[in-house]
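User: Could you take a close look at one part of this structure and then lead me outward from there? I'm in my first year, so please explain the terms as you go.

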Amino acid sequence: MAVLSFLRENAPWLSAGVLLTFLSSFGQTFFISIFAGEIRETFQISHGQWGGIYALGTTASAITMVWAGGLTDRFRVRALGTVILAMLMGACLFMALNPVWWLLPLVIFCLRFTGQGMTSHIAVVAMSRWFIATRGRALSVATLGFALGEALLPLIFVALLVWIDWRLLWVVAGVIAIAGVPVLLLLLRQERTPQSMAESSQALGMSALHWTRNQTFRHPLFWFMVPALLGPGAFNTAFFFHQVHFAEVKAMTHIELVTMFPFYTGISIGAMVLSGAALDKFGTPRLIPWFQLPMVAAFLVFAFAQSYGAMLLGFFCLALTTGANTTLPNAFWAEFFGTRHLGSIKAMAAAVMVLGSALGPGITGLGIDLGMGIEAQYILVAGYFIFTTVMMAIGVGRYRLDLA
């Protein structure tokens with residue numbers, strides 16, 4: 001009953017979060033990579049070249065996010081969200097109309113910045129700022145939009161590719177993005193707090209302070225977290241980015257691989273909800289050091305799997321971290337560094353994550369071109385997530401006593 005009451009009382013604001021996270025799908029790797037085969041064929045580029053183009057555009061997006069993410073500390077969600085969704089529509093149309101390969105880095109920059117970057121950033125910062133005691137629950141509900149996009153859009157758009165030109169499908173994506181504007185304005189006719197700005201924040205961080213972005217950047221805990229911020233962005237992105245190639249390696253059709261995505265999404269939703277509830281009960285310090293361990297199992301399974309059932313096991317493990325990744329890191333910054341400057345701090349963290357999503361496809365694409373199979377690369381990826389777990393355990397263990 002408490003959960004139902006929470007959902008009913010906060011439905012407009014939670015729905016706005018779901019809407020924004022869902023619409024961010026058009027700038028997410030799992031959506032862009034649906035068209036990887038068509039893009040490479042149209043512009044006559046290799047896996048490595050496509051990965052390099054993607055890395056270049058995404059890196060530029062990460063750099064821009066460091067500045068632009070701080071806008072969430074200055075503008076209301078309804079105003080900033082409207083502008084960003086209009087820009088996201090423009091980015092989708094840019095992809096649809098682009099005639100030359102050398103504009104692809106700019107196209108990717110526009111999609112990644114407006115979609116993966118700002119649209120999702122606005123949603124998670126709003127949830128972290130609007131909700132304090134129920135922050136984990138709010139994040140787990142609002143970020144259902146990510147899961148909804150992952151579950152529905154690949155299946156729908158891969159099926160439509162059989163009948164409709166890929167460029168026209170990007171026009172459809174743009175129309176959906178701009179259609180979100182009136183819905184957002186309707187949901188946020190009144191924002192949750194009288195002043196939805198940084199000054200209305202109440203939650204303090206370590207040493208009972210509101211940390212600034214520069215103070216956070218200089219604190220050792222930030223650097224203990226950097227490998228973990230890079231990891232999912234880099235290698236979850238790389239996995240979905242090379243989904244067409246991965247299906248070929250596993251002797252599957254693309255549509256057979258995509259049929260596993262709803263299972264992956266269902267598990268990630270469950271992990272998201274459970275991690276949000278656990279977050280409110282146990283707190284971030286107890287949970288966050290260990291949430292990337294399932295990635296170790298996932299990439300080992302993907303490296304060696306030869307059957308449909310084994311692949312499902314890999315998606316199960318991958319989904320556990322994916323679900324937790326939508327709540328735990330976002331709550332971590334608010335809990336350890338306070339909420340007054342949360343937009344700027346979260347933007348810096350988001351920039352690191354986006355940088356990871358630039359490096360992952362580029363590195364793995366280059367590896368494929370150089371003859372290192374994707375399966376062999378995934379064994380190394382599993383080792384990387386062991387390293388991130390050790391770093392988080394050391395960093396959080398050292399500084400958790402400084403929490404107010």
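Analyst: Happy to! Let's start at Ala228, which touches Gln292, Thr388 and Met392 when residues up to four places away in sequence are not counted; contact here means heavy atoms within 4.5 Å. The model is predicted: local features need pLDDT of at least 70, side-chain atom pairs count only at pLDDT 80 or more, and totals for chains, interfaces and linings use all residues. Residues are numbered from 1 along each chain as its sequence is written, and side-chain values use heavy atoms, with hydrogens and water left out.

Ala228 sits in helix H12, residues 220–241. Helices (H or I, at least four residues) and strands (E, at least two) are DSSP runs, numbered from the N terminus. Is Ala228 buried or exposed? Its relative accessible area is 6%, so Ala228 is buried. The cut-offs are under 20% relative accessible area for buried, over 50% for exposed and in between for partly exposed, using a 1.4 Å probe and protein chains only. For a sense of distance, Ala228 and Ile45 are 183 residues apart in sequence, and their C-alpha atoms are 31 Å apart in space.

One of the partners of Ala228, Gln292, leads us to another residue. Thr321, found in helix H18 (residues 308–325), is in contact with Phe291, Gln292, Pro294 and Met295, leaving aside its neighbours within four places in sequence. With 1% relative accessibility, Thr321 counts as buried.

Back towards H12, the loop between helix H11 (213–218) and H12 holds His219. This loop residue counts as buried, because its relative accessibility is 10%. Outside its neighbours within four places in sequence, His219 is in contact with Met206, Trp211, Phe337 and Tyr399.

Two other loop residues make a nice contrast. Gln44 lies in the loop between H4 and helix H5 (47–68), and its 65% relative accessibility makes it exposed. Ala251 lies in the loop between helix H13 (243–249) and helix H14 (254–258), and at 72% relative accessibility Ala251 counts as exposed too. Most residues other than glycine have a negative phi. Gln44, though, has a positive phi of about 55 degrees although it is not a glycine, and Ala251 likewise has a positive phi of about 55 degrees without being a glycine.

Now for some whole helices. Helix H6 (residues 77–97) has 21 residues and reaches 30 Å from its first C-alpha to its last, close to the 30 Å expected at 1.5 Å a residue; the expected span is 1.5 Å times one less than the number of residues. Its buried residues include Val77, Leu80, Ile84, Leu88 and Cys92. The buried residues cover an arc of only 155 degrees around the axis, which puts them on the same side of H6; that arc is taken from the directions from the helix axis to the C-beta atoms. What do the buried residues of H6 pack against? They pack against helix H2 (11–23), helix H4 (36–43), helix H7 (104–130) and H10.

H10 gives us a closer view of that packing. Gly174 is found in H10 and is buried, with a relative accessible area of 0%. Setting aside neighbours within four places in sequence, Gly174 is in contact with Met89 and Cys92.

H10 (residues 166–187) also packs with helix H9 (residues 144–161), at an angle of about 145 degrees and with the axes 10 Å apart. Axes are lines fitted to C-alpha atoms, for helices over the stretch in contact, and angles run from 0 to 180 degrees between N-to-C directions. In this contact, Phe157, Leu160 and Leu161 of H9 meet Trp166, Leu169 and Val172 of H10. These contact residues divide into six nonpolar, no polar and no charged. Here Ala, Val, Leu, Ile, Met, Phe, Trp, Tyr, Cys and Pro count as nonpolar, Asp, Glu, Lys and Arg as charged, and the others, Gly among them, as polar.

Finally, look at helix H20 (residues 342–369). Its 28 residues should span 40 Å at 1.5 Å a residue, and its end C-alpha atoms are 41 Å apart, which agrees. H20 is mostly covered, with 22 of its 28 residues buried. Just after H20, Gly371 takes a positive phi of about 100 degrees.
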